[in-house]
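Trainee: Let us go through this model together. I want to know what stands behind each term.

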Amino acid sequence: MNFDFSDDQKFLKSEARKFLDANCTTQRVRRTLDDDAKPYDEALWKQVAEQGWLGAAIPEEYGGLGLGHVELCAIAEELGRAVAPIPFASTVYFLAEAVMLAGSDEQKKALLPKIAAGEVIGALATSEGPGPVTAQSVQASVSGGKLTGTKIPVTDGDIATHAVVLAKEGGKPGLFLVDLSAGGVTREALKTLDPTRDAAKLTFDGAAAERLGPQGEGLSLLEQVLDRAAVLIAFEQCGGADRCLEMAKAYALERYAFGRVIASYQAIKHKLADMYVKNELARSNAYYGAWALNTNAPELPVAASAARIAASEAFWFGSKENIQTHGGIGFTWEVDAHLYYRRSRQLSLVAGAPRVWKERLVSHLERRNAA
Amino acid sequence: MDFNDSPEEAAYRAQVQAWLKDNAPKKNAGGDPEGGDTMAASKAWQAKKAAAGYAQITWPKEWGGPGGTPIQQVIFNQEESKYPIPPNPFQIGLGMCVPTVMTFADEDTKKRFVGPALRGEEIWCQLFSEPAGGSDVAAARTRAVQATDGSGDWIIDGQKVWTTGAQFSNFGIVVTRTDPDAPKHKGLTMFWVDMSDPGIEVRPIHQMSGGSGFNEVFFTNVRVKDSQRLGAVNDGWKVSLVTLMNERLAVGGPTGAGWSQFLEAARGVAGLDGGPAIKDQALREKLADWYVQTEGLKHTRNRTITALSRGQTPGPESSIGKVVSALQMQDLANSAVEMMDQYGVINDEKLLPLKGAFHWSLMYAPGLRIAGGTDEILKNIIAERVLGLPGDIRVDKDVPFKDMPTGR
């Protein structure tokens, strides 16, 4: 049994933390938060590319470092902890994973080296309005290699160079790769709950679209991409949730009320114990997800669902109860607590809300435990 | 990140598997796990394990164990659980009481007890909780007074409660009050006692669940030798911490009906729109949550095992098990009963799915949320020992025990 990061992976993780502690302070995150004209931290994005993180799980033959997905999970946890304001998930978890999973060798050769080098920013364009993505929700369509339709919201859609788009072709949903710099694409920036992670409305009017993977397999491919992304995002959520517990603990130990530190009241102690329990359950599920992702195990859909559900719950609970532990000061713009509250919402929504994953999970369990 | 044994672990597992194949029982001994009519089978299995060096794998050679590692114990437990083994009534003794005796008793006492306990010939119980002190073990009122006849003997009077296995135990370790003038932690002394002493009366507790797995134990003029004292006079709190520390090493598994039983039952019960209840969205969401919690605990145990495998002491993650599983047991059982709607009021195993497992869980769960540390105490432990938050303000810490507020 070796159900933990290895020593090398722990070293990578601690180096990543050191780098982000130095280069991604919350003070720096706030430059993106407070500046409406700054969709992401371009300088940090370049630095992260130089670290090689964008290509951590991309094979060396395609310009990556050729490490495994567990290494990528270790990096993801640190990015989540630092609420990094960069399009890492869109580019690495969505675009790179989709291309590695379903792309032709030509598509891999064209995109993966550029992703690893930080020359490409990705986006996943599946939603067209309120409510989950289903076969019925897809109206965008491709005909003769031209995409028409609207996607809203597309996280990082305002800065992305390439998008993975869910659209119908011949009446069936497929996945398509769209170069957003080509003609027929209109972008409209949107206000978001988490301004450190921007989004846009994309309107396609005959934009050139290449199919990614077999025709008509879009929903199944999307599920596979989301399974992989869900595990990686779960590590970001674990990192954020742990940071929330640390912040709540530090504040509770210094804040006095009624003549003693508030950390000495059971109401606060039990709240923090609840946060700890949720964080540990999330971490354990995330580890299993990492194992399933790294080994491409048949358990991946179930493991990814469990990882996403547990991590979404932990980060949501931790981020809201961190504010509560801070009291009034926690509700101010100046205190960092809302950065995590915002990011917890962004991460819980971006790959489909927890209730969608709960339904998927139970459907899988029903099949697995078929009488 | 893998689930593979190291080469040494794989070799040990193979050795255990081969031994179990030849020696483990092939069919269930039957009977009620709370009852005790499986005792003969339990003792026979324990004796077999002891003879082969599998009874207490981590015990050092001087205690009669093979001096194995915690991970070897985990491997043995994993493999053993694949067979229909009888209940284990020895664990409280071997896990908590006997290690305390081994730490504090003289050489003759150790020699006398360790072998029979290891072989399952003698069973031990732990006499800590009292009617006036459950979570607050140091508030014990059972008195031990030294006899005035110069023998050095001690006379014990008082009452213990929630004693697991007292009805079939041969010996016990008991926390007593020896100095009521000292603050509560400083006036306790620990002894071992022979449960067949005529002054000791064991009465089963009739639980709200109907069963009787625990007992009240009354001490009336029970005379023990000074040589039965474990540790110094008035040093019993330190001794009890040794006992409780050993308790924390136990790695618990799931209890009661779980998510898969719920899924199975929900297929057979009608739901809101006439289809099966498993199609009800509210139940599906709950099922997902229980699955995720259960998996979270399972993999938390895997992280604990990993630490053991690396020769490390398990981290605090191992402390979360019961606080999650006991509440889930109650919530899941209640949801299953409510799923049956009006029919749920029936509590007759012949008329219920899974022989009434959910109804049993519903009525047993309140006890599980209290036994071995209440939810509230466990959260205090996580807050204080894991997160390092301050201990509660203790108004009774420096007060002589006899002046402590008791509410009466």
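**Chain contacts and one helix**

Mentor: In this predicted model, 38 residues of chain B are in contact with 37 residues of chain A. Contact means that C-beta atoms, placed from the backbone, lie within 7 Å. Local features need pLDDT of at least 70, side-chain atom pairs count only at pLDDT 80 or more, and totals for chains, interfaces and linings use all residues. Residues are numbered from 1 along each chain as its sequence is written, with chains lettered from A and ligands numbered from 1 in the order in which they are written.

Trainee: Which element gives the largest share of the side of chain B that touches chain A?

Mentor: α8(B), with 16 residues. Helices are DSSP runs (H or I, at least four residues), numbered from the N terminus.

Trainee: How do you know that the span of α2(B) agrees with the expected one?

Mentor: The expected span is 1.5 Å times one less than the number of residues. For the 14 residues of α2(B), residues 39-52, that should be 20 Å, and the end C-alpha atoms are 20 Å apart, so the two agree.

Trainee: What makes W45(B) buried?

Mentor: A buried residue has 20 or more other C-beta atoms within 10 Å of its own; exposed means 12 or fewer, partly exposed in between, with C-beta atoms placed from the backbone. W45(B) is buried, and so are S42(B), Q46(B), K49(B) and A50(B).

Trainee: Why say that the buried residues of α2(B) line one face?

Mentor: Because they fall within an arc of 135° seen down the axis. The arc is that of the directions from the helix axis to the C-beta atoms. On the other side, A40(B) and A51(B) are exposed.

Methods
Two residues are in contact if their C-beta atoms, placed from the backbone, lie within 7 Å. Helices (H or I, at least four residues) and strands (E, at least two) are DSSP runs, numbered from the N terminus.
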